[in-house]
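Notebook, opened to record what I looked up in this structure: charged side-chain pairs, the sheet and the pocket.

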Amino acid sequence: NQTIVDIGCGRGDVVGILTAAGHSVTGIEADRSLVESGRAAGLRIVAGRAEELPLADESVDVIICSVVI
């Protein structure tokens with residue numbers, strides 16, 4: 001199992017899939033309404049931006065950042 005961060009995770013679709021596969025996943029999302037939606041679904045999603053990640057250096061194995069403008 002890997003520690004994964006999904007930057008710009010939206011509602012957390014990928015976070016949910018990877019969590020169900022047994023990984024430790026944190027989603028990062030700037031839109032607070034999407035953060036709350038993901039949290040309501042039981043996902044670990046925190047408010048943040050790619051420019052200022054709320055994570056310690058070298059604390060994840062994999063970074064996902066797709067469909068982010």
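I began with R11 and D13, whose side chains meet in a salt bridge at 3.0 Å, N to O, a salt bridge being a side-chain nitrogen of Lys or Arg within 4 Å of a carboxyl oxygen of Asp or Glu. I then looked up the accessibility of D13, which is partly exposed at a relative accessible area of 47% (buried means under 20%, exposed over 50%, partly exposed in between, with a 1.4 Å probe and protein chains only).

I note for the record that this is a predicted model, in which local features need pLDDT of at least 70 and side-chain atom pairs count only at pLDDT 80 or more, while totals for chains, interfaces and linings use all residues. Residues are numbered from 1 along each chain as its sequence is written, and side-chain values use heavy atoms, with hydrogens and water left out.

How many salt bridges does the structure hold? I find three. One of them joins the side chains of E36 and R39 at 3.3 Å, N to O; both residues lie in helix α2 (residues 32-40), three residues apart, about one turn of the helix. Helices (H or I, at least four residues) and strands (E, at least two) are DSSP runs, numbered from the N terminus. E36 is partly exposed at 46%, and R39 is also partly exposed, at 40%. I also entered the salt bridge of R49 with E51, where the closest N and O atoms are 3.3 Å apart; E51 counts as exposed, at 59% relative accessibility.

Next I turned to the sheet, which is open and has four strands in the order β3-β2-β1-β4 with parallel pairing; two strands pair if DSSP finds at least two bridges between them. The edges are held by β3 (45-47) and β4 (62-64), each with a single partner strand, so one side of each has no neighbour in the sheet. Following β1 (residues 3-7) against β2 (residues 24-29), I recorded a parallel pairing over five bridges, and T3 stands opposite S24 in β2.

Last, I looked up which residues line the largest pocket. They are I7, G8, I28, E29, A30, G48, R49, A50, E51, V68 and I69, so R49 and E51 of the salt bridge above recur in this list. A pocket here is an open set of points on a 1 Å grid over the protein atoms alone, where a 1.4 Å probe fits, with protein on both sides within 12 Å along at least five of seven lines, and lining residues have an atom within 4 Å of a point.
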